[in-house]
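Reader: I'm new to this one. Could you show it to me and let me ask a few things?

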Amino acid sequence: MGINENGVMKTSLFKFYFLIVALGFFLKPQAQTNVTTTSSLPTYRVAIFAPLYLDSVFEQENYKYGKKFPKFIMPGLDFVQGAMIALDSLPLVNGNISAQVFDSKAVVANISSLIATGKLDSFHLIIGSVKDEEVQELAAHSKRKNIPFVSATYPNDAGVTENPFLIIVNSTLKAHCEAIYSFLLQNHGTDKILLVRKPGSQEDRIHEYFTKMNTPDGKPLLKIETINVNQDFSIIKQKLDSNRNTIIVGGSLSEAFAFKLATTAYALDKTYRITLVGMPNWDGFSSLIKKNAFTDFPIYYTSPYYNYKWDSYSKMIQNVYIKKYKGNPSDMSYKGFESVYLFARLLTRYPNDFISHLNDFQNKVFTDYNFKPVGLLTSATIPDYFENKHLYFIKMLNGNYSKAW
């Protein structure tokens with residue numbers, strides 16, 4: 001799939017294989033994707049970035065993988081497909097949307113060159129499923145040009161500071177730890193609380209977050225005992241009390257650790273009353289979500305996203321996928337749809353004061369959001385960014401997911 005000098009996707013459909021047919025994708029050069037209904041309304045320009053890796057899978061417009069489909073391009077494709085469905089269905093009452101899709105992994109027309117040549121200067125809103133340096137580059141540009149930048153899927157601030165135009169939708173690890181701690185403080189102050197971790201830099205950060213939250217004035221608000229384990233998890237049993245509820249917080253992002261901790265807690269739960277709370281990425285661990293892995297033993301984790309997929313928007317997306325692509329949408333498809341449908345529509349309502357209205361939810365799609373200004377230093381005079389602080393507690397049980405709190 002080639003890209004023109006503006007880094008924009010191509011528009012004619014090319015059927016690589018049945019998977020790419022299921023996604024439906026744009027291949028010919030196109031200046032922009034217009035969603036326009038009334039010429040008398042103002043038009044707002046939206047840039048959408050996603051990792052499409054077009055230069056990696058195409059060579060001079062020839063698809064390089066034959067009848068195979070590289071999995072690494074799937075998340076970006078799904079995000080863009082959801083975004084396109086949103087653009088096709090937006091009710092434009094207050095203004096028109098002119099959207100343009102860019103490949104964040106482009107070699108020539110990369111983010112740096114787009115910024116250097118001024119090709120992003122005229123946009124009113126940037127939405128990106130990007131991470132690391134891409135977040136930094138787009139955030140820096142958004143600050144220079146006073147353009148709101150919605151980081152839709154990356155759970156990290158990428159080191160960005162003093163940028164009130166950056167909006168983080170997928171909450172950071174710190175925010176998840178804050179939500180777990182608040183839950184413990186409000187509901188389990190008298191229970192036994194164990195923070196179980198292994199050695200590691202990420203584990204150090206998690207431990208530091210809980211320690212700082214628990215000792216705002218130097219004295220602990222909750223009695224949280226930290227247990228360090230390597231390979232031997234048997235020490236956990238020594239810390240349990242059969243007369244008390246025990247909350248075990250898994251303080252690691254490692255799947256091997258999560259599986260071993262869950263296995264240990266599952267076996268001990270037959271004798272002790274245990275509630276296991278994991279980190280936000282535990283939802284993607286295949287070893288935890290197998291239907292018969294931990295029969296009737298729930299595992300909880302926090303997530304900024306929750307979608308029953310019973311609402312009218314979800315059904316519309318599902319119908320489009322079934323009708324056009326003979327498949328089912330992924331979670332990234334729903335995220336692409338929600339990011340564009342919510343924030344592009346919000347832009348048409350409040351083009352001159354977008355940031356001040358982030359929590360106006362007349363246009364709620366799937367998820368409840370609560371954006372708060374974040375100041376990493378107490379001396380900060382402007383927000384470092386705005387972050388979604390609304391997190392759901394999700395229960396994994398017998399291979400199924402449900403909202404717990």
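What follows is a short chat about the predicted model shown above.

Reader: Let's start broad. How many helices and strands does the protein have, and what share of its residues count as buried?

Author: Sure, the protein comes with twelve helices and 17 strands. Take contacts between residues at least 6 apart in sequence: 68% of them join residues at least 24 apart. As for burial, the chain has 405 residues, and the share that counts as buried is 51%.

Reader: Which strands stand at the edges of the seven-stranded open sheet?

Author: Read the order across the sheet: β10-β9-β11-β12-β13-β16-β17, with mixed pairing. The strands at the two ends each have a single partner strand, so one side of each is left without a neighbour in the sheet. Those edge strands are β10 (224–228) and β17 (400–403).

Reader: In what sense do β9 and β10 pair, and which residue is the bridge partner of R197?

Author: Strands of a sheet can pair either parallel or antiparallel, through backbone hydrogen bonds. Here β9, residues 192–197, runs in the parallel sense with β10, over five bridges. R197 has its bridge partner in β10, and that residue is N228.

Reader: Helices α7 and α9 pack on that sheet, but which strands does each one touch?

Author: Helix α7 (residues 201–214) touches β9, β10 and β11, and its direction makes about 150 degrees with that of β9. Helix α9 (residues 255–268) makes about 165 degrees with the direction of β12. The strands α9 touches are β9, β11, β12 and β13.

Reader: On to salt bridges. How far apart in sequence are the parts that K389 and E178 tie together?

Author: Their side chains meet in a salt bridge at 3.2 Å, N to O. K389 lies in the loop between β15 (385–388) and β16 (392–397), while E178 is in helix α6 (residues 173–187), so the pair ties together parts separated in sequence by 211 residues.

Reader: K198 and E203 form a salt bridge too, so which of the two is buried and which is partly exposed?

Author: The closest N and O atoms of this pair are 3.5 Å apart. Buried means under 20% relative accessible area. K198 sits at 24%, so K198 counts as partly exposed. With a value of 4%, the buried one is E203.

Reader: And where do D368 and K364 fall, buried or partly exposed?

Author: These two side chains also meet in a salt bridge, 3.1 Å from N to O. D368 has a relative accessible area of 29%, and K364 has 35%. Each of them is therefore partly exposed.

Notes:
Residues are numbered from 1 along each chain as its sequence is written. This is a predicted model: local features need pLDDT of at least 70, side-chain atom pairs count only at pLDDT 80 or more; totals for chains, interfaces and linings use all residues. Side-chain values use heavy atoms; hydrogens and water are left out. Helices (H or I, at least four residues) and strands (E, at least two) are DSSP runs, numbered from the N terminus. Buried means under 20% relative accessible area, exposed over 50%, partly exposed in between (1.4 Å probe, protein chains only). Contact means heavy atoms within 4.5 Å. Two strands pair if DSSP finds at least two bridges between them. Axes are lines fitted to C-alpha atoms, for helices over the stretch in contact, and angles run from 0 to 180 degrees between N-to-C directions. A salt bridge is a side-chain nitrogen of Lys or Arg within 4 Å of a carboxyl oxygen of Asp or Glu.
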